[in-house]
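Trainee: I should like to go through this structure with you, one topic at a time. Where shall we begin?

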Amino acid sequence: MITVKEITCKKDLKIFVKFPFKLYKDSSSWVPPIIAEEVRTLDKDVNPVFKDAEARYFLAYKNNEIVGRIATIINWLEVNGQNEKKMRFGWFDVVDDIEVTKLLLEKAHQIGKENNLDYVEGPVGFSNLDKVGILTEGFDELGSMITWHNHPYYADHFRALGYEVGKTYSENKMEFKNILQEFFTRVQNMVKKRYQLRALNFTTNNEIMDYADEMFDVFSKSHSVLSSFVEINKEQREYFKKKFIGFLNPEYVKFVIDKDNKLVGFGIVTPSYAKALQKMNGRLFPFGFLHLLKAKKHAKTVTFYLIGVLPEYQNKGVTAIIFEEFWQTFNAKGIELCVRGPELDDNEAIKKLWKNFKPVTHKRRCTFKKDIA
């Protein structure tokens with residue numbers, strides 16, 4: 001018999017977070033999260049997203065063993081501000097038993113119905129800066145710190161339960177040797193001169209902090225047209241600054257500013273922490289942080305995390321400036337592979353951005369959705 005129990009105390013959050021460590025223990029593709037960081041993300045007293053959102057967490061048990069988990073999420077900024085009556089779910093993991101999937105998803109439908117929402121969709125997080133999607137292709141490819149991993153049967157479960165595909169995403173990789181500087185060097189020189197722009201590079205993380213608020217403004221304005229966009233509140237910005245900026249190698253952060261030192265575009269790339277996180281197996285201490293530090297300085301694979309350009313500067317070649325700066329840094333560092341995180345398949349602008357870089361799609365993922373009866 002399968003039973004589903006709601007987590008009602010903080011100490012059980014760690015049990016919720018650690019379930020995938022058992023489920024994927026034999027997977028060479030799964031990249032474990034840092035347990036302490038994952039707990040903080042889900043903690044209502046720590047993550048400021050809960051100013052505008054609520055979440056409930058459930059574990060499924062069979063024969064006294066955990067066989068599944070789900071986070072049910074309502075983002076009220078999305079529901080009330082955008083009139084998108086979506087019941088979100090994320091942090092979804094199950095054994096290969098469709099009854100477990102069914103019972104967990106019923107919790108999302110129940111809560112959605114109680115709150116007069118129209119449909120359930122996931123897996124998604126609280127906002128655009130969280131992980132997204134069920135992996136549907138590329139199960140043998142190494143994951144990343146910004147994506148969820150799952151077994152192939154997940155999608156089969158959703159389809160069998162009458163869910164349809166919501167949004168689709170692709171992940172691409174590019175060998176650095178195939179990224180030809182000629183595609184952007186001439187253009188970026190012209191763009192700098194025409195619009196009086198210049199590149200801004202960094203040597204320390206503290207220097208980045210001085211521009212972090214502007215960066216979030218540009219991010220919001222440049223991504224607001226996407227079908228998945230949800231606004232990020234002020235408190236969340238502060239939270240993400242503290243959470244993520246320490247993981248950045250400042251040399252891999254590129255900003256473009258105008259003659260008045262106003263930020264008009266940015267690109268953020270992270271060293272690949274995937275193999276370091278696998279070695280850490282969820283723990284920063286006593287020695288896990290050393291693996292992170294080594295990857296931060298010496299990884300030969302990098303992950304493109306975010307790119308944003310103010311709407312009034314889009315289609316004017318600002319990204320050529322960003323790519324020129326990345327090319328110079330990657331060439332000096334001996335970078336071999338560039339990996340891109342999940343990108344919406346209906347984002348035509350991003351497809352045009354990468355078309356000359358010989359990208360190879362190595363993973364696909366999607367969300368699944370179903371109306372609330």
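Mentor: Let us begin with two aromatic residues, Phe 247 and Tyr 273, both of which are buried. Please keep in mind that the model is predicted.

Trainee: How are the planes of the rings of Phe 247 and Tyr 273 arranged: stacked or edge-to-face?

Mentor: The ring centres of Phe 247 and Tyr 273 are 5.8 Å apart, and the planes stand at 75 degrees. Planes over 60 degrees apart count as edge-to-face. The pair formed by Phe 247 and Tyr 273 is therefore edge-to-face.

Trainee: How many residues apart in sequence are the parts that this pair ties together?

Mentor: Phe 247 belongs to the loop between helix H9 (234-244) and E9. Tyr 273 belongs to the loop between strand E10 (263-271) and H10. The pair therefore ties together parts whose separation in sequence is 26 residues.

Trainee: How many aromatic pairs does a search of the whole structure find?

Mentor: A pair of aromatic rings is described by the distance between the centres and the angle between the planes. The centres must lie within 6.5 Å for the rings to pair. A search of the whole structure yields a total of 35.

Trainee: How is the pair of Tyr 211 and Phe 255 classed?

Mentor: The centres of the rings of Tyr 211 and Phe 255 are separated by 6.1 Å. Their planes meet at 75 degrees, so the class is edge-to-face.

Trainee: How many residues apart are Tyr 211 and Phe 255?

Mentor: Tyr 211 is in the loop between helix H7 (205-209) and helix H8 (212-223), while Phe 255 is in strand E9 (residues 253-257). The pair links distant parts of the chain, and the separation is 44 residues.

Trainee: Is Phe 255 buried or exposed?

Mentor: The relative accessibility of Phe 255 is 2%. Buried means under 20%. Phe 255 therefore counts as buried.

Trainee: Which ring lies beneath the charged end of Lys 369?

Mentor: One case of a lysine over a ring is Lys 5, which lies over the face of Tyr 61 at 5.0 Å from the ring centre. For Lys 369, the charged end is 5.0 Å from the centre of the ring over which it sits, and that ring belongs to Tyr 119.

Trainee: Which residue of E2 stands opposite Val 4?

Mentor: Strand E1 (residues 2-6) and strand E2 (residues 53-62) run antiparallel and are joined by five bridges. The residue of E2 opposite Val 4 is Ala 60.

Trainee: Which residue in the turn between E2 and E3 has a positive phi?

Mentor: Ten bridges join E2 to strand E3 (residues 65-75), and the two run antiparallel. One of the partnerships is that of Leu 59 with Arg 69 in E3. E2 and E3 form a hairpin with two residues between them, and the turn residue with a positive phi, about 55 degrees, is Asn 63.

Trainee: What is the volume of the largest cavity?

Mentor: The structure holds three cavities of 30 Å³ or more. The largest cavity is lined by 18 residues, with Phe 244, Ile 245, Leu 248, Ile 268 and Tyr 305 nearest its centre. By class, this lining has 16 nonpolar, one polar and one charged residues. The volume of the largest cavity is about 220 Å³.

Trainee: Which strand gives the most to the lining of the second largest cavity?

Mentor: The second largest cavity has a volume of about 180 Å³. Its lining of 21 residues has Trp 30, Asp 93, Thr 147, Trp 148 and His 149 nearest the centre. With three residues, the strand that gives the most is E4 (residues 86-94).

Trainee: What is the volume of the second largest pocket?

Mentor: The lining of the second largest pocket has eight nonpolar, eight polar and seven charged residues. The volume of this pocket is about 490 Å³.

Trainee: Which proline follows Phe 285 through a cis peptide bond?

Mentor: Most peptide bonds are trans. One that is cis runs from Gly 122 to Pro 123, with omega near 0 degrees. The bond that starts at Phe 285 is also cis, with omega near 10 degrees, and it leads to Pro 286.

Trainee: Is Asn 315 buried or exposed?

Mentor: Asn 315 is in the loop between E11 and helix H12 (318-333), and its phi is positive, near 65 degrees. Its relative accessibility is 84%, so Asn 315 counts as exposed.

Methods
Residues are numbered from 1 along each chain as its sequence is written. This is a predicted model: local features need pLDDT of at least 70, side-chain atom pairs count only at pLDDT 80 or more; totals for chains, interfaces and linings use all residues. Side-chain values use heavy atoms; hydrogens and water are left out. Two strands pair if DSSP finds at least two bridges between them. Helices (H or I, at least four residues) and strands (E, at least two) are DSSP runs, numbered from the N terminus. On a 1 Å grid over the protein atoms alone, a cavity is a set of points where a 1.4 Å probe fits but cannot get out, and a pocket is an open set with protein on both sides within 12 Å along at least five of seven lines; lining residues have an atom within 4 Å of a point. Grid points are joined across faces, edges and corners, and a volume is the space filled by probe spheres set on the points. Ala, Val, Leu, Ile, Met, Phe, Trp, Tyr, Cys and Pro count as nonpolar, Asp, Glu, Lys and Arg as charged, and the others, Gly among them, as polar. Rings of Phe, Tyr and Trp (its six-membered ring) pair if their centres lie within 6.5 Å; planes under 30 degrees apart count as stacked, over 60 as edge-to-face and the rest as tilted. Buried means under 20% relative accessible area, exposed over 50%, partly exposed in between (1.4 Å probe, protein chains only). A charge sits over a ring if NZ of Lys or CZ of Arg is within 6 Å of the ring centre and within 35 degrees of the ring normal.
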